[in-house]
Amino acid sequence: MKIALVSDIHANLEALQSVLKDIAKEGAETVHFLGDAVGYGCSPNECVALLKKMCDIRLLGNHDYAAMGLEATTSFNQVAQTSMEWTLANLSRKTVSLLADFEMQASFEDYHLVHASPDYPEDWNYILNQEQAAEQFEHFKEKVCFVGHSHLPMIFSVDGDGQVESAVKSELAFEENKKYIVNVGSVGQPRDNDARACYVILDTVEKCLRYRRVEYDITAVQKKMRQAMLPDFLVERIAVGR
Amino acid sequence: MPEIVVKYEDKIIERVVSEKKRLTVGRTSDNDIVLDNRGVSRKHAQIEFNDNAAVIIDNESLNGTFVNNRRVTEEILRDGDTITIGKFSLEYYTETRRPETGSGLDGTMVLNTKKQKELVARDRSEKEIVKRMGGNVLMGEDNTDFSEFRLDRDVTTIGKAKFVHVHAKGFLLSGIQAKIVKENDQTAIINLGRKGKTRVNGEEIDRQVLKNGDIIQVGKSVYRFLEGNR
């Protein structure tokens with residue numbers, strides 16, 4: 001069975017719509033969402049409604065959490081704070097009540113899902129290197145933990161001897177005696193120098209995954225973001241994928 | 001007929017409707033209106049009714065009698081005036097505001113001193129709890145997994161999800177149904193999830209500033225809010 005894993009939409013509706021079309025084309029029956037539906041972009045209400053309709057598992061990210069007023073934005077950088085103020089002002093009551101049913105972490109079969117890290121999901125810690133990954137493997141019992149949060153598609157693995165490796169690959173077949181942490185990248189604001197929307201298709205029968213990159217109308221999104229008076233830095237970064 | 005609504009810290013204890021020309025107010029049981037608490041003198045004050053007017057007279061009480069927050073010795077009462085004696089307030093109305101029920105033979109409502117005593121006793125124990133817990137407290141009243149929960153975070157989440165701070169039970173409850181937030185020196189509860197699942201003192205709310213003693217219902221779970229700094 002093919003399952004699509006999408007994360008970090010960040011209110012980029014056009015990117016999400018293009019990814020959902022690609023998922024249908026690829027024949028994935030199920031979509032799970034790993035958090036950060038809102039923040040940065042200008043279509044938070046539309047994105048949350050679409051995720052609610054299309055995704056089976058829906059997780060909360062730190063931007064979703066902040067948008068519900070559950071956390072101060074003091075840990076956010078200046079641009080993220082400005083966009084969060086915009087989000088707070090533009091989020092509908094209906095959207096808040098939909099986000100109120102998103103989960104912090106979930107699992108199915110031999111797979112675990114969390115936005116940031118499995119040890120303390122509400123602390124929103126980044127897993128960016130082998131050292132940080134090494135601390136996380138004991139915090140999930142499943143074979144693979146899928147995460148988002150950093151917007152950087154990458155794969156960490158640990159073998160039976162505790163040897164941790166990291167890799168950036170476009171596909172991966174799971175090996176018998178390894179555990180994995182897989183960052184599925186970002187749909188709405190990629191940061192790996194590739195502006196195309198990023199997500200993962202997991203094949204639970206073949207025990208493998210592959211990354212998909214999807215083009216979408218970036219210019220149209222930028223126009224909407226400028227009209228919404230969002231910071232220039234955010235408008236420009238989606239075109240360069242940084 | 002005039003009516004006196006007796007409250008203890010904003011909770012109505014009794015409504016007094018009387019044909020008597022004179023009602024005495026004090027701590028001892030021989031008064032018409034018994035206010036059983038320290039701070040109230042034995043024969044604290046009296047209210048006298050003439051044809052069209054009512055007058056409150058303070059009997060040189062130790063802690064005083066106040067009308068609309070002004071200390072008085074003798075004062076003509078107007079409709080809606082609030083008399084404060086210790087922690088009690090007596091609201092005066094020229095006409096009975098709702099049909100009399102349970103009135104005694106002479107038309108005086110029997111003051112339920114047992115209820116008063118319970119309220120006072122609970123108030124004392126609640127004060128001890130907030131002192132011990134060192135701040136605002138949620139008391140678990142029904143369908144809760146704690147008896148006392150200290151509200152020491154800026155934001156406390158309540159709902160059905162595993163990761164919330166305060167777990168609530170109930171059909172169709174959202175994962176994060178509500179949040180309790182500290183805002184300046186106030187504490188407020190805000191409904192985040194499905195509409196109609198968060199109530200304060202029986203009323204559905206979207207956002208409500210909490211007062212000491214408020215009853216919060218989230219789904220089937222019931223909590224009492226105790227304010228730390230009163």
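**Entry 1: overall dimensions of chain A**

I began with the radius of gyration of chain A, which is 17 Å in this predicted model. A compact globule of 242 residues would come out near 18 Å, so the value for chain A agrees with that picture. I then took the box along the principal axes, and the C-alpha atoms of chain A fill roughly 50 × 40 × 30 Å. Counting burial next, I found that 48% of the 242 residues in chain A are buried.

I also wanted to know how far along the sequence the contacts in chain A reach. Taking contacts between residues at least 6 apart in sequence, 71% join residues at least 24 apart. For secondary structure, I noted 8 helices and 12 strands in chain A.

**Entry 2: the sheet in chain A**

What is the strand order in the open sheet of 6 strands in chain A? I read it as β4-β5-β6-β10-β7-β8, and the pairing is mixed. Strands β4 and β8 (164-167) are the edge strands, each pairing on one side only. From one strand to the next, the twist averages 15°.

I picked out one pair inside this sheet for a closer look. Strand β6 (residues 144-147) and strand β10 (residues 179-183) of chain A run parallel and are joined by 4 bridges. Within that pair, A:Val144 stands opposite A:Tyr180.

**Entry 3: A:Gln105 on the edge strand**

Next I went to A:Gln105, which sits in strand β4 (residues 105-108) of chain A. Is A:Gln105 buried or exposed? I count 23 other C-beta atoms within 10 Å, so A:Gln105 is buried, the cut-off for that being 20 or more. This caught my eye since β4 is one of the edge strands of the sheet.

I listed the residues that A:Gln105 touches, leaving out those up to four places away in sequence. They are A:Leu59, A:His112, A:Leu113, A:Val114, A:Pro118 and A:Pro121. As a distance check, I compared A:Gln105 with A:Val221: they are 116 residues apart in sequence, and their C-alpha atoms lie 30 Å apart.

**Entry 4: two residues with positive phi**

I kept in mind here that most residues other than glycine have a negative phi. A:His10 has a positive phi near 50°. I placed A:His10 in the loop between β1 (2-6) and α1 (13-26) of chain A. With 28 C-beta neighbours inside 10 Å, A:His10 counts as buried.

A:Trp124 is another entry for this list, with a positive phi of about 55° although it is not a glycine. A:Trp124 lies in the loop between β5 (111-114) and α6 (130-134) of chain A. Which burial class does A:Trp124 fall into? I found 19 other C-beta atoms within 10 Å, so A:Trp124 is partly exposed; 20 would have been enough for buried.

**Entry 5: a loop residue and a long sequence gap**

I looked up A:Val205 in the loop between β11 (197-203) and β12 (208-214) of chain A. A:Val205 has 7 C-beta neighbours inside 10 Å and therefore counts as exposed. How far is A:Val205 from A:Lys2 in space? The C-alpha atoms are 8.0 Å apart, although 203 residues separate A:Val205 and A:Lys2 in sequence.

**Entry 6: nonpolar cores**

The largest nonpolar core has 95 residues. Which of them touch the most other members? I noted A:Leu5, A:Val6, A:Phe146 and A:Tyr199. I followed up A:Phe146 and, skipping residues up to four places away in sequence, found that it touches A:Leu5, A:Leu34, A:Tyr111, A:Leu113, A:Val182 and A:Val184. A second, separate core holds 22 residues, including B:Val16, B:Val40, B:Leu77 and B:Ile83.

**Entry 7: chain B and where it meets chain A**

Chain B has an open sheet of 5 strands with mixed pairing, in the order β4-β3-β5-β6-β9. At its edges stand β4 (33-34) and β9 (74-77), each with a single partner strand, so one side of each has no neighbour in the sheet. Strand β3 (residues 22-26) of chain B runs parallel to β4(B), joined to it by 2 bridges. In β4(B), B:Ile33 is the residue opposite B:Val25.

My last look was at the contact between the chains, where 13 residues of chain A meet 13 residues of chain B. On the chain A side, I sorted these into 7 nonpolar, 2 polar and 4 charged residues.

Key
Residues are numbered from 1 along each chain as its sequence is written. Chains are lettered from A and ligands numbered from 1 in the order in which they are written. This is a predicted model: local features need pLDDT of at least 70, side-chain atom pairs count only at pLDDT 80 or more; totals for chains, interfaces and linings use all residues. The radius of gyration is taken over C-alpha atoms; the globule rule is 2.2 Å times the number of residues to the power 0.38. A residue is buried if 20 or more other C-beta atoms lie within 10 Å of its own, exposed if 12 or fewer, and partly exposed in between; C-beta atoms are placed from the backbone. Two residues are in contact if their C-beta atoms, placed from the backbone, lie within 7 Å. Ala, Val, Leu, Ile, Met, Phe, Trp, Tyr, Cys and Pro count as nonpolar, Asp, Glu, Lys and Arg as charged, and the others, Gly among them, as polar. Two strands pair if DSSP finds at least two bridges between them. Axes are lines fitted to C-alpha atoms, for helices over the stretch in contact, and angles run from 0 to 180 degrees between N-to-C directions. A nonpolar core is a set of buried Ala, Val, Leu, Ile, Met, Phe, Trp, Tyr and Cys residues joined through C-beta atoms within 7 Å.
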